[in-house]
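Trainee: Got a minute? I'd like to walk through this model with you.
Mentor: Sure, let's open it up.

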Amino acid sequence: MSTLDRLFATLEDINFDSFPNEDDRLRAEDLIVGALARIRKPWDIALNHNWVNPCTNAATKTLIDAGVFKKWAETGSKPQRSAELARLTDTDPTLIKRIVRQLAAQHLLVETAEDTYAPTPWATTLGTDPSFPALYGALYHDITAVVFGGMPSFLKKTGYKNPSDDKNGVIQHVKGPDASFFGYIVADPIRNKDYTHAMECHSKGNMVAWTDLYPTDTLLKDAKPGRALVVDIGGSKGHDLEKFRLKHPDIPDGALVLQDLPGVLQDVRISHTIISKEPYDFFTPQPVKGARAYFLHTVLHDWPDDVAVKILKTVAAAMEKGYSKLLIHEGMVEDVKPSLRTTTSDLTMLACHSSAERSVKEWAGLLMRAGLEIVKIWKQPAAWEGIIEAELAPFS
């Protein structure tokens, strides 16, 4: 049997359901990506970076806007000719044919016969998940393309110094000295909406639910009546508190506190009295004192070390020694062979915030500066994210 025949036999029926757990799936993905990098010649790699990927993103966005994925899902997600997809969306069949064959060439659609295509799970998700299409909207052309496009010239201007000032970074370089990343996001309603939906997708698709990582039952043990149980700082729409509520439906009303800026909370609808909303700026003193747990989900990676320490100190000042916990749900950079997800997220933090993803050692140092210490790391073996459980340090 030839090398090609052996490869075909191994890969023909493989998919994301072929593995017993997420660790094995991610390991298989890394092996296949590594093999692809070895098979491709330098020109092939450059072609994919600079033509294929932008072209595919543009094709995907066009079909999203035309309603192709949504109509396809509404009609049963069965194989369709490109002309039928055009008829469903009242679009030009020649144009649709040219676009869908680009996605089929990327194996994002399956060509089952001449000019006949079946959707993959990716394509079906674009038609059924209302948040997923945002990943191909302003997030791509108006956010990541902007900051990554400006990153090389910014770093050249600084003499290739590692950025650590959130007021002098890539976003200021490309949008002006008074710009800020989040200010840039909220300045445009479409950009803001797409960014919010994209971050929701990132949380659902890229991170294990915190209630599946951390033994939340321990927070109920010896919880003091009348005190907040979990305070979610910078918690956006409250997805993490809702996961806790579903796991522990019998906790008292108001036991879970959702905190974020007023502009974020104004459109958030809370479905249960167990969760209360509280407008809050995490650079100001924490108003909820002595809670059982304070929770920060991918908040601190948005900020350089000195600013992150300030945020942590406001939390530490509200904690009760020997009772309160700080739970940080973040990525942790692997010491050896960090994953592509890790390194991509790290450079995204650099380009967007002049900040970084951190290793466990770096997290420990950051917490120590705020008078806190790590109790335990809760994570799955191959995952890059987990829960850092911390308490007030004995010397604090």
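**A walk through the model**

Mentor: Start at the surface: Leu4, Leu7, Leu11, Ile14 and Ile32 make a nonpolar patch of about 420 Å². Patch members have over 30% relative accessible area and no salt bridge (a side-chain nitrogen of Lys or Arg within 4 Å of a carboxyl oxygen of Asp or Glu). Like charges are joined within 9 Å, and nonpolar side chains (Val, Leu, Ile, Met, Phe, Trp, Tyr) within 5 Å. Areas come from the Shrake-Rupley method with a 1.4 Å probe, and for residues only the protein chains shown count as cover.

Trainee: Before we go on, what kind of model is this, and how are residues numbered?

Mentor: This is a predicted model, with residues numbered from 1 along each chain as its sequence is written. Local features need pLDDT of at least 70, side-chain atom pairs count only at pLDDT 80 or more, totals for chains, interfaces and linings use all residues, and side-chain values use heavy atoms, with hydrogens and water left out.

Trainee: Which helix gives the most to the nonpolar patch?

Mentor: Helix α1 (residues 3-11), with three residues. Helices (H or I, at least four residues) and strands (E, at least two) are DSSP runs, numbered from the N terminus.

Trainee: And Ile32, where does that lie?

Mentor: In helix α2 (residues 22-39). Ile32 counts as partly exposed because its relative accessibility is 42%. Buried means under 20% relative accessible area, exposed over 50%, partly exposed in between (1.4 Å probe, protein chains only).

Trainee: New topic. Which residues of α18 are buried?

Mentor: In α18 (residues 360-369), Trp363, Leu366 and Leu367 are buried. Down the axis, the buried residues fall within an arc of 95°, so they line one face of the helix. That arc is of the directions from the helix axis to the C-beta atoms.

Trainee: Why would spaced-out residues point the same way?

Mentor: An α-helix has 3.6 residues a turn, so residues three or four places apart point the same way.

Trainee: What sits on the face turned away?

Mentor: The exposed residues Lys361 and Met368. The buried residues of α18 pack against α16, β8 (325-331), β9 (372-378) and β10 (385-392). Contact means heavy atoms within 4.5 Å.

Trainee: Pick a residue in α16 for me.

Mentor: Val307; its helix spans residues 305-318. Val307 is buried, at a relative accessible area of 15%.

Trainee: What does Val307 touch?

Mentor: Asp166 and Phe283, leaving out residues up to four places away in sequence.

Trainee: Now strands. Which way do β2 and β3 run, and how many bridges join them?

Mentor: Strand β2 (residues 109-113) and β3 run antiparallel, joined by four bridges. Two strands pair if DSSP finds at least two bridges between them. Val110 has Ala118 as its bridge partner in β3. β2 and β3 form a hairpin with two residues between them, and Asp115 in the turn has a positive phi of about 55°.

Trainee: How many bridges join β1 to β3?

Mentor: Two, and those strands run antiparallel as well. Arg81 stands opposite Thr116.

Trainee: Which way do the residues of β3 point?

Mentor: Thr116 and Ala118 point one way, Tyr117 and Pro119 the other, and all are buried.

Trainee: Back to phi. What is the phi of Ser354?

Mentor: Near 55°, a positive value in a residue other than glycine. Most residues other than glycine have a negative phi. Ser354 lies in the loop between α17 (340-353) and α18.

Trainee: Buried or exposed?

Mentor: Ser354 is buried, at 4% relative accessibility. His107 has a positive phi too, about 65°, but His107 counts as exposed at 66%.
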